[in-house]
Amino acid sequence: MEFNYCIQHFEGQTLIGWVYSEIGEATVDLMVGDVCLQTCVANIYSKEAKEELGEPFRGFMFDFSKVGVMPDAFQLRIERDSIVGWVDVVAADIVKRPRSKGNKKLIEVENKRIAVVDLVEMICLSKLLDVVHLTRQKVETANIVEFVEKYIEDKKLWPLSINILFWGQWYSDTYLKGIPVAPLVHYLMTNGVNSNPNPIFDTPWFMREYELTPELYDFDNHRTPLLDYMENHDQYYATSVIFDGRYYLDQNQDVREAKANPLSHFFLHGEQEKRKSSPYLSPEKHGKTVGNPLILLWDNIQFGEEAYDEYENDYRMMKKKIDAIAPFIGKRAPDSETVADSFEKMQEAIKERFNNVKAAEYQIDIIIPFYNGFDYLQTCVDSILTSENESLYRILLVNDGSTEDSSVLEKYKQFKNVKILEKENEGYLLSCNFGAKQAKAEYLAIINSDVVAPDYFVDDMLAILKKHPQLGVLAPTVFYPNGVIQEQGGFFNENGEAKWITAYQKGENADEYKKVEYASGVAFFLKRSTWVKLNGYDPKYAPAYCEDTDLCIRAQKIGLEVGVAKNVLLWHALSQSYKQKSSFSAEDALNEEKLKKNKHYLSATNTIKLVETHESFFAERKAPRVIAFYLPQYHQIPENNKFWGRGFTEWRNVTKALPVYKGHAQPILPTATGFYDLNCEEVEEFQFSIARKYGIDAFCYYFYWLDNKHILNLPLRRRVSGKHKFPFCICWANENWTRAWDGQSKSILMEQKYDRESMTAMFQEMIKLLDVPEYITVNGKPLVLIYNHRAIPECKQNLAFMREYFIHNAKCEPYIALVESFSTFDSTFHPSNFEADALVSFAPHGLAQGLPKERFELLEPENFGGGFYDYEQTAINFLRRQTPNYTKMQCVMPGWDNTARRGQDAGIFPNSAPGKYRAWLEAALHLQKQTTLGDEQCVFVNAWNEWAEGAILEPSVQNGYAFLEATYDAKMKIKKFY
């Protein structure tokens, strides 16, 4: 709902005005800062209605004599039916309407013409005009109308920044070379969709990021992307790849507490105070101040489609949200008149279609409870009746004791497939249960009365529900009538708070629905038998709030899924199903009966009931597990003694490493653990203790089966014996052992064999581990990683044999995850093609970003055959990949430098650092949380102790405990966020 307004200032200290929007009633608060000085209730009319009705009609009136002198600037807070709008008002020279004296001169921009008199009104009523900021620039604005008239035509004023977020001079230089028009005029008349209001607000990027289309903005309603950001900066955080508002607020609690617009604060204060706008860019490191107060921080940055260099990497990509709703972006609901017209034309055909349908033939009963709100109800029912659906459906309208005239329902009595049920007023929840008891069809839908259904809505929802019997509850993707996303399902954190899922979900059904933990009860489709089994909505949440969430949780507890249909949309007006006054006074709060009916009170108390009821369910909703790969090559074995000399362990490689370039930190040496030997049990006890302390949830041990025997098996033998309890799983390291340490076929020391006899013996050994209580599972199945599935001949058949062998001999089915080793997989890849369940990324394989060797002063340039790689950009490369339609577990690395193994042929990431690792891990945890559910939320770290490859979490001489502390910080950040 959009609000416009008109203000008239009478003599003395009385302010009178009107609010224009849809006809109704609103509460108007007079606000100065966070203080409410006065409140009144005003009628709302459209401008057309106001002109027809004439004056006076009840608007708002405030008497400033009661509170002192009228302030120079204040705000009007307008609330109607939980929709809140804010209007900034400048007291100076308020006139009947902010119009000029009648300048009819036409301004033309891109074939659009508008008179100056209308431009003045448009700009005066726009939030883009910021008198406070003009005052900062020493601009005289005593008469704001005269100033705007002058601004439109006086070129000397065009360089002004009309708003801290709209930079006049920069806009002119960028877009208006040779075009004689005021910057703000050009921006408004082009709807702001093809230009940036300042260098840090990248409009094309902003619209793509938040799924906004040009159709949302038109000249008549004065909407622009910048205005959307200003009004919704708590929802639209980032304005470009180099300004992340959420990061800025997280780093600056004073800004969050002040509820300030983060970008405005950054321009006004943040740059001067050297506050960072992203994890990787800062004014100190990359900035260049070119003026005051308008500051261009990074004069070398190009926006739009231009590439970014290694320092201008993209924290947005670390929080990348995959577009799951592309088919519907910007698609608006038809207005009520259009729906009503369709109903008038089609009602005879509808009546004829259902006349001969017997009660037993209906496939689905659609329950629509309502209390008053007959305008919305009619639009809802008409949209369903006129939508093209082949399914045989019946609509049960449950009148929950409405107090308004219900004669409009008479027209539905002519339809055999519409039934009106009357009951006393008990609230939404009990009305749903009442209607469901009258249902007879196999399927059931419960739909709010303030929705508009598209064509085939019922057919599409039923088709998905019928196809997938595991679905307990199915909801559509819900939009506001203006085409902005409202609900698409989500998950819970351990405090019972619901979070949106914004990325594609995995699974073979990803093209139809995504699996979620909760969905909005705006529209639920389910089998009637499921509803009966769950006993419907729990009456303890009556009259409303949290009943839909509770139903979703109970469905999951009995093994059913909750899903959101990705390609079925529904428009929802929000909070119109039960039409009641939204005003609530301080006196009402003292009235127990009124308090219990207040929706905010109900929501809060029912949330407490929900958390108490499902305490164990929420307790399981934790941050994704962090699992570190663990190399066991720190104890002697006969094979290594034979190949590399007596006493060999990984430490021999580590200590012989030498620097290959000036400033190269080699060798990398341990501190707290020392050069440990795993034969000493205290070593593992210490490893487990610090792993627990710093947030490592499990180790993933490499499992070696070479020449038909299990080698480097000391840690896993201890797990079987029950010593040192710590969660773990295994990764079958199915590579040949070679003298080059590369797993290839040259100079083979021990061979990985794949004949059935060898595989059977290996599976027998693996099964011994599965009985260990600490072995981790995914969806109740023991997790087993396969390092290089491409090396397995007839991989699908062999992994199918593995699955069958585990089921038959271990009485459990393995959860098989393929490691994305050596290179990344293309878009045709799917784990199911190889009899696997998931994919695990493996940093840095496949996506390492190279750096020029010339940047480094090599000590032996003639001998160096290795490569240098950019840690920062490699992290971005991993995170920016589109999420596939199957389970993918993320992987990060603290660093990589295998000089100890490869010498002059090493691969080196010279710019890795604990802080960068923390940012990458934090982003990977976010992404994992957004794209998977439950046990599948695992993020791997490469590695705990790959000392010879420089991939180390354990304390080192160079970094101490910093990488472990970074792990802890990232997990705590995610836990706090979710």
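Start with the second largest pocket, whose lining breaks down into 13 nonpolar, eight polar and 18 charged residues. Keep in mind on the way round that this is a predicted model.

**Stop 1: the pocket**

The second largest pocket holds about 990 Å³ of space. To centre your view, select Glu620, Arg621, Lys622, Gly934 and Asp935, which are the closest to the pocket's centre among the 39 lining residues. Next, colour the elements that give two or more residues to this lining: β21 (513–516), α19, β23 (561–572), α23 (615–619), α26 (681–693) and α33 (962–977). Which of them gives the most? That is α33, with four residues.

**Stop 2: helix α19 and its surroundings**

Stay with α19, one of those lining elements, and select residues 547–557. Ten of these eleven residues are buried, so the helix is largely enclosed by the rest of the structure. The buried set runs through Glu547, Asp548, Thr549, Asp550, Leu551, Cys552, Ile553, Arg554, Ala555 and Gln556. After the helix comes Gly559, with a positive phi near 90 degrees.

Now step back to the loop between α18 (528–533) and α19, where you'll find Pro543. Check the peptide bond from Ala542 to Pro543: it is cis, with omega near 5 degrees.

**Stop 3: a three-strand sheet**

Jump to the open sheet with strand order β34-β35-β37, where the pairing is mixed. Its edge strands are β34 (849–851) and β37 (907–908), each pairing on one side only. Strand β35 (residues 867–870) runs parallel to β37, and two bridges link the pair. To see one bridge, pick Gly867 and its partner in β37, Gly907. Then add helix α30 (residues 871–879), which packs on the sheet and touches β34 and β35. The direction of α30 makes about 65 degrees with that of β35.

**Stop 4: two loops around β38**

Select Glu936, in the loop between α32 (914–931) and β38 (938–941). Is Glu936 buried or exposed? Its relative accessible area is 6%, so Glu936 is buried, the cut-off being under 20%. Draw a distance to Thr887 as well: the two C-alpha atoms are 7.4 Å apart, although 49 residues separate Glu936 and Thr887 in sequence.

On the other side of the tour stop, Ala943 sits in the loop between β38 and β39 (945–946). The peptide bond from Asn942 to Ala943 is cis, with omega near 15 degrees.

**Stop 5: backbone oddities**

Most residues other than glycine have a negative phi. The next picks go against that.

- Asn708, in the loop between β25 (698–706) and β26 (709–711), has a positive phi of about 65 degrees. With 38% relative accessibility, Asn708 counts as partly exposed.
- Leu712, in the loop between β26 and α27 (714–721), also has a positive phi, of about 50 degrees. Leu712 counts as buried, at 2% relative accessibility.
- Glu110 takes a positive phi near 50 degrees in the hairpin of β8 and β9, which has two residues between the strands.

While you're at that hairpin, show β8 (residues 106–109) and β9 (residues 112–115): they run antiparallel and are joined by four bridges. Val109 stands opposite Lys112.

**Last stop: Leu227**

Finish in helix α8 (residues 225–231), where Leu227 is found. Leu227 counts as buried, at 7% relative accessibility. Its C-alpha atom lies 9.4 Å from that of Gly192, a residue 35 places away along the chain.

Conventions. Residues are numbered from 1 along each chain as its sequence is written. This is a predicted model: local features need pLDDT of at least 70, side-chain atom pairs count only at pLDDT 80 or more; totals for chains, interfaces and linings use all residues. Side-chain values use heavy atoms; hydrogens and water are left out. Buried means under 20% relative accessible area, exposed over 50%, partly exposed in between (1.4 Å probe, protein chains only). Two strands pair if DSSP finds at least two bridges between them. Contact means heavy atoms within 4.5 Å. Axes are lines fitted to C-alpha atoms, for helices over the stretch in contact, and angles run from 0 to 180 degrees between N-to-C directions. On a 1 Å grid over the protein atoms alone, a cavity is a set of points where a 1.4 Å probe fits but cannot get out, and a pocket is an open set with protein on both sides within 12 Å along at least five of seven lines; lining residues have an atom within 4 Å of a point. Grid points are joined across faces, edges and corners, and a volume is the space filled by probe spheres set on the points. Ala, Val, Leu, Ile, Met, Phe, Trp, Tyr, Cys and Pro count as nonpolar, Asp, Glu, Lys and Arg as charged, and the others, Gly among them, as polar.
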